[in-house]
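Reader: I'm new to reading protein structures. Could you walk me through one, feature by feature?

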Amino acid sequence: MLMKITASIDISSSPNDIFAWVDNPDKAMHWQKGVKTEEIIKETPEKIGTTFREELEENGKSLIMYGEITDYIPNKLLSFQLESKVHRVHVIYSVVGKATKSTVSVDSAIRWKFPMNLISLIIGHKIKTKILAQTKSELSELKKLCEKEVNNS
(Lines give C-alpha, C1' and ligand atoms only; values in the text may rest on other atoms or scores of the structure.)
Protein backbone atom coordinates (compact mmCIF):
# COMPACT_ATOMS: atom_id res chain seq x y z
CA MET A 1 0.00 0.00 0.00
CA LEU A 2 1.33 3.40 -1.00
CA MET A 3 0.75 6.44 1.22
CA LYS A 4 1.04 9.80 -0.56
CA ILE A 5 1.54 13.07 1.29
CA THR A 6 1.67 16.49 -0.36
CA ALA A 7 2.14 19.93 1.16
CA SER A 8 3.21 23.36 -0.04
CA ILE A 9 3.81 26.84 1.30
CA ASP A 10 4.37 30.31 -0.15
CA ILE A 11 7.52 32.06 1.06
CA SER A 12 8.51 35.70 0.53
CA SER A 13 11.97 34.85 -0.74
CA SER A 14 13.73 33.87 -3.96
CA PRO A 15 14.01 30.23 -5.08
CA ASN A 16 17.83 30.46 -4.73
CA ASP A 17 17.62 31.64 -1.10
CA ILE A 18 15.06 28.98 -0.19
CA PHE A 19 16.90 26.19 -1.97
CA ALA A 20 20.01 26.95 0.08
CA TRP A 21 17.99 25.79 3.13
CA VAL A 22 16.68 22.67 1.34
CA ASP A 23 19.92 21.64 -0.36
CA ASN A 24 22.35 22.05 2.57
CA PRO A 25 22.05 19.24 5.17
CA ASP A 26 23.39 21.44 8.00
CA LYS A 27 20.84 24.17 7.26
CA ALA A 28 18.02 21.66 6.66
CA MET A 29 18.43 20.32 10.19
CA HIS A 30 17.33 23.76 11.49
CA TRP A 31 13.83 23.34 10.03
CA GLN A 32 13.54 19.54 9.87
CA LYS A 33 13.25 19.10 13.63
CA GLY A 34 13.09 15.30 13.63
CA VAL A 35 16.51 14.91 12.01
CA LYS A 36 19.06 14.37 14.78
CA THR A 37 22.14 13.65 12.63
CA GLU A 38 22.93 13.52 8.95
CA GLU A 39 26.04 12.14 7.32
CA ILE A 40 27.04 12.14 3.64
CA ILE A 41 28.34 8.67 2.78
CA LYS A 42 29.33 9.29 -0.84
CA GLU A 43 29.07 12.66 -2.56
CA THR A 44 28.93 13.06 -6.32
CA PRO A 45 29.73 16.35 -8.12
CA GLU A 46 26.35 16.40 -9.89
CA LYS A 47 24.50 15.47 -6.62
CA ILE A 48 22.52 12.64 -8.30
CA GLY A 49 23.80 9.40 -6.77
CA THR A 50 24.96 11.06 -3.54
CA THR A 51 24.22 8.71 -0.63
CA PHE A 52 23.61 9.69 2.98
CA ARG A 53 22.51 8.46 6.38
CA GLU A 54 20.01 10.21 8.66
CA GLU A 55 19.02 9.53 12.21
CA LEU A 56 15.53 10.65 13.13
CA GLU A 57 14.39 10.99 16.70
CA GLU A 58 10.86 11.29 17.99
CA ASN A 59 9.62 10.80 21.55
CA GLY A 60 12.97 9.30 22.57
CA LYS A 61 12.95 6.71 19.78
CA SER A 62 15.44 6.84 16.92
CA LEU A 63 15.23 5.55 13.38
CA ILE A 64 18.16 5.21 10.96
CA MET A 65 17.44 5.90 7.31
CA TYR A 66 19.73 5.55 4.31
CA GLY A 67 19.12 7.76 1.31
CA GLU A 68 20.20 8.49 -2.23
CA ILE A 69 19.58 11.61 -4.30
CA THR A 70 17.69 10.55 -7.44
CA ASP A 71 17.12 13.89 -9.17
CA TYR A 72 18.58 17.35 -8.77
CA ILE A 73 18.06 20.66 -10.53
CA PRO A 74 19.92 23.51 -8.76
CA ASN A 75 17.57 25.98 -7.05
CA LYS A 76 14.51 24.08 -8.34
CA LEU A 77 14.29 20.41 -7.38
CA LEU A 78 15.73 17.85 -4.98
CA SER A 79 14.45 14.28 -5.08
CA PHE A 80 15.65 11.35 -2.99
CA GLN A 81 14.84 7.85 -1.82
CA LEU A 82 15.05 6.89 1.85
CA GLU A 83 14.99 3.42 3.32
CA SER A 84 14.63 2.33 6.93
CA LYS A 85 13.65 -0.87 8.69
CA VAL A 86 9.97 0.20 8.59
CA HIS A 87 9.54 1.91 5.22
CA ARG A 88 10.80 3.12 1.86
CA VAL A 89 10.11 6.77 1.04
CA HIS A 90 10.45 8.83 -2.13
CA VAL A 91 10.51 12.59 -1.48
CA ILE A 92 10.50 15.49 -3.95
CA TYR A 93 11.17 19.08 -2.87
CA SER A 94 10.44 21.64 -5.58
CA VAL A 95 10.81 25.42 -5.46
CA VAL A 96 9.26 27.72 -8.05
CA GLY A 97 8.90 31.47 -8.06
CA LYS A 98 10.41 34.87 -8.64
CA ALA A 99 12.86 37.12 -6.79
CA THR A 100 10.54 37.94 -3.88
CA LYS A 101 7.95 35.16 -3.75
CA SER A 102 8.23 31.40 -4.17
CA THR A 103 6.27 28.23 -3.53
CA VAL A 104 7.90 25.22 -1.92
CA SER A 105 6.19 21.87 -2.48
CA VAL A 106 6.91 18.53 -0.86
CA ASP A 107 5.58 15.31 -2.35
CA SER A 108 6.22 12.09 -0.44
CA ALA A 109 5.30 8.52 -1.31
CA ILE A 110 5.70 6.02 1.52
CA ARG A 111 5.71 2.22 1.21
CA TRP A 112 5.51 0.53 4.58
CA LYS A 113 7.35 -2.71 5.27
CA PHE A 114 6.05 -5.63 7.33
CA PRO A 115 4.60 -5.34 9.98
CA MET A 116 4.00 -1.57 9.53
CA ASN A 117 2.14 -2.28 6.28
CA LEU A 118 -0.48 -4.19 8.30
CA ILE A 119 -0.60 -1.56 11.02
CA SER A 120 -1.05 1.15 8.38
CA LEU A 121 -4.15 -0.68 7.10
CA ILE A 122 -5.72 -0.17 10.51
CA ILE A 123 -4.44 3.28 11.54
CA GLY A 124 -3.14 4.59 8.22
CA HIS A 125 -5.31 7.71 8.31
CA LYS A 126 -3.95 8.64 11.75
CA ILE A 127 -0.34 8.05 10.60
CA LYS A 128 -0.89 10.12 7.44
CA THR A 129 -2.47 12.98 9.42
CA LYS A 130 0.50 13.03 11.80
CA ILE A 131 3.09 12.99 8.98
CA LEU A 132 1.21 15.75 7.10
CA ALA A 133 1.10 17.90 10.25
CA GLN A 134 4.84 17.41 10.75
CA THR A 135 5.54 18.28 7.10
CA LYS A 136 3.46 21.47 7.35
CA SER A 137 5.21 22.41 10.60
CA GLU A 138 8.62 21.95 8.96
CA LEU A 139 7.57 24.07 5.98
CA SER A 140 6.36 26.81 8.36
CA GLU A 141 9.75 26.74 10.08
CA LEU A 142 11.48 26.94 6.68
CA LYS A 143 9.31 29.97 5.84
CA LYS A 144 10.30 31.71 9.10
CA LEU A 145 14.00 31.11 8.50
CA CYS A 146 13.93 32.25 4.87
CA GLU A 147 11.84 35.35 5.53
CA LYS A 148 13.95 36.28 8.57
CA GLU A 149 17.06 36.02 6.38
CA VAL A 150 15.47 38.29 3.74
CA ASN A 151 14.41 40.86 6.37
CA ASN A 152 17.89 40.91 7.89
CA SER A 153 19.67 41.59 4.59
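**Salt bridges and beyond**

Author: Happy to! By the rule used here, the count of salt bridges comes to eight. Keep in mind that this is a predicted model.

Reader: What is the general idea behind such a pair?

Author: Side chains of opposite charge can pair when their charged atoms come close. Here is a case: the side chains of Lys130 and Glu58 meet in a salt bridge, 2.6 Å from N to O. This pair links distant parts of the chain, with Lys130 in helix α3 and Glu58 in strand β3, 72 residues apart.

Reader: Are Lys130 and Glu58 buried or exposed?

Author: Something in between. Lys130 is partly exposed because its relative accessible area is 48%, and Glu58 is partly exposed as well, at 36%.

Reader: Which residue forms a salt bridge with Lys143?

Author: That is Glu147, with the closest N and O atoms 3.2 Å apart. Both Lys143 and Glu147 lie in helix α3, four residues apart, or about one turn of the helix. Lys143 is partly exposed at 26%. Glu147 has a relative accessible area of 18%, so Glu147 counts as buried, the cut-off being under 20%.

Reader: Which residues are linked in a network of salt bridges?

Author: Glu83, Arg88 and Lys113 are. Within that network, the side chains of Glu83 and Arg88 meet at 2.9 Å, N to O.

Reader: Let's turn to strands. How do I read their pairing?

Author: Look for the bridges between them and the direction they run. Strands β2 (residues 35-42) and β3 (residues 51-58) run antiparallel and are joined by six bridges. β3 also pairs with β4 in the antiparallel sense, over eight bridges. You can follow single partners too: Val35 has Leu56 as its bridge partner in β3, and Leu56 in turn has Leu63 as its partner in β4.

Reader: What lies between β3 and β4?

Author: Two residues, as β3 and β4 form a hairpin; Asn59 in the turn has a positive phi of about 50°.

Reader: And the nonpolar core: how many residues does the largest one have?

Author: It has 33, and Ile18, Trp31, Phe80, Val104 and Leu142 are those with the most contacts inside it. Helix α3 gives the most to this core, with six residues. Try following Ile18 in the viewer: among the residues it touches are Val95, Val104 and Leu142.

Reader: Which nonpolar residues form a patch on the surface?

Author: Met1, Phe114, Leu118, Ile119, Leu121, Ile122 and Ile123 do, with about 760 Å² of accessible area together. Met1 is exposed, at 55%.

Conventions. Residues are numbered from 1 along each chain as its sequence is written. This is a predicted model: local features need pLDDT of at least 70, side-chain atom pairs count only at pLDDT 80 or more; totals for chains, interfaces and linings use all residues. Side-chain values use heavy atoms; hydrogens and water are left out. Patches are made of residues with over 30% relative accessible area and no salt bridge: like charges are joined within 9 Å, nonpolar side chains (Val, Leu, Ile, Met, Phe, Trp, Tyr) within 5 Å. Accessible areas come from the Shrake-Rupley method with a 1.4 Å probe; for residues, only the protein chains shown count as cover. A salt bridge is a side-chain nitrogen of Lys or Arg within 4 Å of a carboxyl oxygen of Asp or Glu. Buried means under 20% relative accessible area, exposed over 50%, partly exposed in between (1.4 Å probe, protein chains only). A nonpolar core is a set of buried Ala, Val, Leu, Ile, Met, Phe, Trp, Tyr and Cys residues joined through side-chain atoms within 4.5 Å. Contact means heavy atoms within 4.5 Å. Two strands pair if DSSP finds at least two bridges between them. Lists of a residue's contacts leave out its neighbours within four places in sequence.
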